[in-house]
Amino acid sequence: MKRLSILGSTGSIGAQALDVAARHKDRFSIVALTAYSSAEKLFAQVRAFRPKFAGLVVPPKELPDDVKFCQWSFGPDCLRQAATLAEADDVLVSVVGFAGLPAVLDALGAGKRVLLANKEALVAGGALVTQAAHAAGRPLVPVDSEHSAIFQCLRARDTNAPARLILTASGGPLRTLSAAEIENASVETVLRHPNWHMGRKITVDSASMINKALEIIEARWLFNMRPEAVDVLVHPQSVVHSLVEFDDGCLLAQLGVADMRLPILYAMAYPDRLTTGAPRLDLSRCGPLSFEAPDKERFPGLFLAYDALRAGGACCAVLNAANEVAVDAFLAGRLPFGAIYRTVRDTLEKLGAPDASSLQAVTAADALARRTAREILPRYE
């Protein structure tokens with residue numbers, strides 16, 4: 001029986017984690033649940049799973065009597081409390097944004113195994129997180145489908161060292177559009193992902209392919225690879241979730257249906273494998289599989305990852321923070337879609353590589369990048 005804290009339980013990843021946990025009640029016990037502001041959804045989850053602890057970052061108007069059986073906490077500190085709860089063995093970090101970084105560090109510092117579904121923790125604080133995981137002697141188990149695929153393929157490495165990691169990308173909802181059409185794509189068009197049902201922010205990142213920039217940075221830290229040894233291929237069918245090329249030239253790929261319950265449950269049960277109830281992949285019916293190199297002219301945001309990694313310091317934190325500001329402005333109707341990339345690029349050029357030697361330093365760089373990006377926005381609004 002694994003005892004699990006879920007940070008961000010009302011989001012897509014958290015809700016699906018609870019779905020697979022409910023299928024395996026003999027293997028998982030939910031001891032903590034937190035959400036940002038979705039109080040009614042969290043109340044329903046608390047009723048269903050009866051955790052010891054629950055928290056909301058934004059306090060509710062009132063707390064129903066039938067959920068008062070567990071310990072409640074309100075405000076940002078509830079994440080830290082859930083991440084370090086003594087009763088938890090594993091902590092699934094599926095909160096969105098920079099808040100994931102201190103939560104991951106808290107969990108590792110408390111000796112927990114972290115199931116990582118928060119890109120920003122490794123993007124903003126890759127060195128800090130990997131050092132904390134090493135000190136804790138606990139593996140970081142990725143939940144993103146691409147990094148889970150690589151994690152699984154690497155289990156077959158034996159003495160054959162990995163030479164290259166290949167992240168696959170669906171290409172998102174704008175894959176077939178021209179540069180001019182991408183520049184002025186509407187919010188409705190951008191949020192219409194062809195393969196995955198995700199939150200608004202990550203769907204925008206998929207459309208700009210900045211999500212792959214973040215995943216390149218994640219992979220560099222998760223698997224201790226040189227940035228130039230992490231590549232991306234556009235694979236519209238989302239059947240091959242990523243590949244590893246080994247020193248002898250062999251390529252191993254992980255395939256499956258486009259269902260996030262597969263990598264979520266793999267991380268939760270690791271090193272065991274359990275069934276999810278998801279459909280099985282039928283290769284005879286899925287049609288041709290295609291691969292193409294990403295287009296630098298139409299999706300320049302992808303390639304910011306290599307610039308940020310080369311620059312070092314907190315440059316990746318700057319990239320992430322500026323992107324969050326720009327995406328928020330786009331979703332609010334204030335910024336053309338194409339200006340997301342330009343806002344991030346300009347912020348990186350202005351700030352360079354701030355100090356990243358501590359959580360305080362990275363937090364300061366994040367705040368500075370957000371202020372700078374907001375100052376840049378009026379250029380493109």
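Thr168 has Leu233 of strand 9 as its bridge partner. The model examined here is predicted. Strand 8 covers residues 162-169, and it pairs with strand 9 in the parallel sense. The pairing runs over 5 bridges. Strand 9 itself spans residues 230-234 and has two faces. Val230, Val232 and Val234 form the covered face. Asp231 and Leu233 form the uncovered one. Leu233, the bridge partner of Thr168, therefore belongs to the uncovered face of strand 9.

A separate description applies to the open sheet of 7 strands. Their order is 4-3-2-1-5-6-7, and the pairing is parallel. Strand 4 (71-74) and strand 7 (140-142) are the edge strands, each pairing on one side only. Neighbouring strands of this sheet are turned by 20° against each other on average, direction ignored. In general, strands of a sheet pair through backbone hydrogen bonds, either parallel or antiparallel. At one edge, strand 6 (residues 113-116) runs parallel to strand 7. The two are joined by 3 bridges. Leu115 has Val141 of strand 7 as its bridge partner.

Helix 9 (residues 200-208) and helix 10 (residues 210-222) were examined as a pair. Their axes come within 5 Å. The crossing angle is roughly 95°. Angles of 65 to 115 degrees count as roughly perpendicular, so helix 9 and helix 10 are roughly perpendicular to each other. On the helix 9 side, the residues that meet helix 10 are Lys201, Asp205, Ser206 and Ser208. Their counterparts in helix 10 are Ile210, Asn211 and Leu214.

Helix 13 comprises 17 residues, 315-331. At 1.5 Å a residue, a helix of this length should span 24 Å. The C-alpha atoms at its ends are 24 Å apart, which agrees with that expectation. Of the 17 residues, 16 are buried, so helix 13 is largely enclosed by the rest of the structure. Gly333 follows the helix and has a positive phi, near 80°.

Asp346 lies in helix 14 (residues 339-351). Its relative accessibility is 8%. Buried means under 20%, so Asp346 counts as buried. The Asp346 side chain makes a polar contact of 2.9 Å with the side chain of Arg345. A polar contact of 3.1 Å also joins the side chains of Asp346 and Arg379. Leaving aside residues up to four places away in sequence, Asp346 touches Ile376, Arg379 and Tyr380. Arg379 thus appears both among these contacts and as a polar partner of Asp346.

Key: Residues are numbered from 1 along each chain as its sequence is written. This is a predicted model: local features need pLDDT of at least 70, side-chain atom pairs count only at pLDDT 80 or more; totals for chains, interfaces and linings use all residues. Side-chain values use heavy atoms; hydrogens and water are left out. Helices (H or I, at least four residues) and strands (E, at least two) are DSSP runs, numbered from the N terminus. The expected span of a helix is 1.5 Å times one less than its number of residues. Buried means under 20% relative accessible area, exposed over 50%, partly exposed in between (1.4 Å probe, protein chains only). A polar contact is a pair of N or O atoms within 3.5 Å; within protein, one must be able to donate a hydrogen and the other to accept it, and residues adjacent in sequence count only if both atoms are side-chain atoms. Contact means heavy atoms within 4.5 Å. Two strands pair if DSSP finds at least two bridges between them. Axes are lines fitted to C-alpha atoms, for helices over the stretch in contact, and angles run from 0 to 180 degrees between N-to-C directions. Angles under 35 degrees count as roughly parallel, over 145 as roughly antiparallel, 65 to 115 as roughly perpendicular and the rest as oblique.
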